[in-house]
Amino acid sequence: MIRYLLLILFIVLVIFATRALRRPGQGGSRPSGQQPGRSDDNDEAMMLACAHCGLHLPRNEVLPGKAGVYCSEAHRAAAEARDGSA
């Protein structure tokens with residue numbers, strides 16, 4: 001009986017080990033100082049949320065403003081007018 005339990009445990013461990021090795025982006029291929037999912041080439045593809053409506057846009061398409069980044073000039077102006085009137 002114990003042999004069968006050990007055999008099942010061994011098979012489960014082998015399955016988990018092979019799945020861990022097959023995962024893309026995991027493992028030792030990443031340089032030691034780099035964060036996962038982040039590279040200098042991929043900087044433009046980073047998504048940022050509009051401070052007015054929450055729409056996510058690529059970093060190279062957002063408009064900077066006083067209180068964050070915005071998806072359009074109208075949202076930047078609306079947010080700055082709202083903050084200025086308070």
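Let's start with helix α1, which has 21 residues and reaches 30 Å from its first C-alpha to its last, close to the 30 Å expected at 1.5 Å a residue. The expected span here is 1.5 Å times one less than the number of residues in the helix. Helices in this talk are DSSP runs of H or I with at least four residues, strands are runs of E with at least two, and both are numbered from the N terminus.

Before going on, a word on what you are looking at. This is a predicted model, in which local features need pLDDT of at least 70 and side-chain atom pairs count only at pLDDT 80 or more, while totals for chains, interfaces and linings use all residues. Residues are numbered from 1 along each chain as its sequence is written, and side-chain values use heavy atoms, with hydrogens and water left out.

Back to α1. How many of its 21 residues are buried? Zero, so this helix is hardly covered. By buried I mean under 20% relative accessible area; exposed is over 50%, and partly exposed is in between, with a 1.4 Å probe and protein chains only.

On this helix, please find L7, F10, I11, V14 and I15, which make a nonpolar surface patch of about 450 Å². Patch residues have over 30% relative accessible area and no salt bridge; like charges are joined within 9 Å, and nonpolar side chains (Val, Leu, Ile, Met, Phe, Trp, Tyr) within 5 Å. One of the patch members, I11, sits in α1, which covers residues 2-22, and I11 is partly exposed at 43% relative accessible area.

Now the whole chain. The protein has two helices and four strands, running α-β-β-β-β-α from the N terminus on. Of its 86 residues, 7% count as buried. The accessible surface is about 7,200 Å², and carbon and sulfur atoms hold 60% of that; these areas come from the Shrake-Rupley method with a 1.4 Å probe, and for residues only the protein chains shown count as cover. Among contacts with a separation of 6 or more, 7% link residues 24 or more positions apart, where contact means heavy atoms within 4.5 Å.

Next, helix α2. Which residues form the one salt bridge of the structure? They are R76 and E73, whose side chains meet at 2.3 Å, N to O. The term needs a side-chain nitrogen of Lys or Arg within 4 Å of a carboxyl oxygen of Asp or Glu. The two residues are three apart in α2 (residues 73-85), and therefore about one helical turn separates them. As a general point, an α-helix has 3.6 residues a turn, so residues three or four places apart point the same way. R76 is buried, at 18% relative accessibility, whereas E73 is partly exposed, at 44%. Leaving aside residues up to four places away in sequence, R76 touches L63, P64, G65 and Y70.

Just before that helix, S72 lies in the loop between β4 (68-70) and α2. S72 is partly exposed at 25%, and its C-alpha is 9.6 Å from that of H52, 20 residues away along the chain.

Last, the cysteines. There are zero disulfides in the structure; a disulfide would be a pair of cysteine sulfur atoms within 2.5 Å. For C50, the nearest cysteine sulfur is that of C71, 3.8 Å away. Why are they not bonded? Because 3.8 Å is too far for a bond. C50 is buried, at 6%, while C71 is partly exposed, at 23%.
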